[in-house]
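Thanks for passing this one along. Here are a few notes to read beside the model, kept brief and in numbered points.

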Amino acid sequence: MKATIKCNKNSILAEIDKRIYGSFIEHLGRAVYDGIYEPNHPQANELGFREDVLDAINELNVPLVRYPGGNFVSGYNWEDGIGPVEHRPRRLELAWRSVETNEVGLHEFMKWAELANTEVDMAVNLGTRGIDAARNLLEYCNHPEGTYYSELRKQNGAEQPFNIKTWCLGNEMDGPWQIGAKTADEYGRLAEETAKAMKLVDDSIELVLCGSSSSKMPTFGEWEYTVLEHAYDYVDFLSLHLYWDNYENDTANYLAKSLEMDRFIKDVVAICDAVKAKKGSNKKINLSFDEWNVWYHSKEVDSKRDPWDIAPPLLEDIYNFEDALLVGLGIITLLNNADRVKIACLAQLVNVIAPIMTVKDGEVWKQPIFYPFMQASNFGRGKVLTVQSNSETYNSKEYKNIPYVESTVILNEENQEVVIFMVNRSLEESQLFEADLSGFDGLSLIEATELSENDPKKTTDKNHESIKIKNNQSFRVESNVITGEIKPLSWNMVRLSFE
Ligand code: AHR
């Protein structure tokens, strides 16, 4: 089989906002406690953060981390996480029915973020709280000095403001499971007024309004339209969330599920633009895909767990190779929509539906999904080119005309590089891949790599080295045409330099 793409250096779809390679740390399960933070671990630094975990995170090169939830934020009092640790309250945490010790709070997390070389995407509680708590938290974080909350921050050890730029107005407020869930009108009004107050405190921030928790919600579409009608003038992004599963155990069908992500993005863009037209506004609302990943392997075990443990192992999906391919397809989809998707957060980062896992008192290890994200985040920076692609297609149980090969082409002018990411969905057949890249002088191959396995169910939990990125020796460059063979069930990256 053969797949071809054509593109031109000057045909730019969009500048990639680096925040598209964001991730997420929630106070949930072992993400924070016994994840990023384990003070008695031999690799813990003086703040209690594990340096081996930080090293793995730094390999992923994550520019933005959403915090502190997720469902957790809808019952969280941010004030519980400031001041002397020994005075902080232990709370019943209702979203995940655990006990929250508040040992890690705002200041600790901001210090961790610095070590992880990342910015924080801070969520405010619009479940049990509202405008007042949100504006106070923002004043605490971003106002330089001379007011109650800014001085409190200074007293608590942070002389300089945290200057957090990206903020989420609550989390999944349409979901019946959410503490303080709301109708679209209730949430729309609250988000509008909260956003207004927050922008009065600091007009340099960017705000994310909650879209639907998934495109399968019964109110999807109507929810987006209504909340935007209320809050349009004060917000910058609308959120999307999507989790994939393979309960049917049908790999060919499962790998087509990235098409749902593409459809979801296009539908939400259409709604944003419909509200823009109705309002006669000049402002464009972009998208924050602030939760996306595979999540299903751990659901049955989690449903049987007893409540009220501290840091119980929750949502600890053990990922396999087909999950890594779908995550790779997700990245390609996000990049090919980078004209509107400016923020995306792989949910989550450590232990909880995560690319990075830790063993208490023990090692850190990488799940299969780590590798496509790592390559894309490190090498997929710059601009996405508009591509004409041609691939043979197949049909699965739920989808029709699924291209075997999906790809995206990135122009990195700073490094004088073109980078192509490709996935071959075929279970059995290799593809001859041909890219015709016009407008480039002196193209030459830097490297071609592949992640490919015969067994889609292969994991890395028993043997952490069992899935590895390998070189693909088949790629050749002849003037502006690049050809190579991409294996069945594979994620691939080709990097080329130009003059
Ligand atoms: O990421 C896990 C959970 O999924 C988040 O807390 C919530 O927002 C979503 O339902």
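1. A word on terms before the loop comes up: helices and strands here are DSSP runs numbered from the N terminus, a strand being a run of E with at least two residues. Please also keep in mind that this is a predicted model.

2. With that in hand, Val85 can be placed in the loop that runs between β3 (64-67) and β4 (91-93). Is Val85 buried or exposed? Neither label fits: Val85 has a relative accessibility of 36%, so it counts as partly exposed.

3. Which residues does Val85 touch, leaving aside those up to four places away in sequence? They are Glu103 and Glu108. For Glu103, which lies 18 residues from Val85 along the chain, the C-alpha to C-alpha separation is 5.9 Å.

4. On to the cysteines: the structure has zero disulfides. Cys141 is in none, and the nearest cysteine sulfur, belonging to Cys168, is 13 Å away. Cys141 is buried, at 0% relative accessible area. Cys7 is buried as well, with a value of 6%; the cut-off for that label is under 20%.

5. Helix α10 covers residues 321-335, and I liked how its geometry works out. Its 15 residues, at 1.5 Å each, should span 21 Å, and the C-alpha atoms at its ends are 21 Å apart, which agrees.

6. The surroundings of α10 deserve a look too. Because 15 of its 15 residues are buried, α10 is largely enclosed by the rest of the structure. At the N-terminal end, Asn320 acts as a cap, with a side-chain oxygen 3.3 Å from the backbone nitrogen of Glu322.

Notes: Residues numbered from 1 in each chain as written. Predicted model: local features only at pLDDT ≥ 70, side-chain atom pairs only at ≥ 80, totals over all residues. Heavy atoms only, no water. Disulfide = S-S within 2.5 Å. Buried < 20%, exposed > 50% of the residue type's maximum accessible area, 1.4 Å probe, protein only. Helix = DSSP H or I, 4+ residues; strand = E, 2+ residues; numbered from the N terminus. Contact = heavy atoms within 4.5 Å. Expected span 1.5 Å × (residues − 1). Polar contact = N/O pair within 3.5 Å; in protein donor to acceptor, adjacent residues only side chain to side chain.
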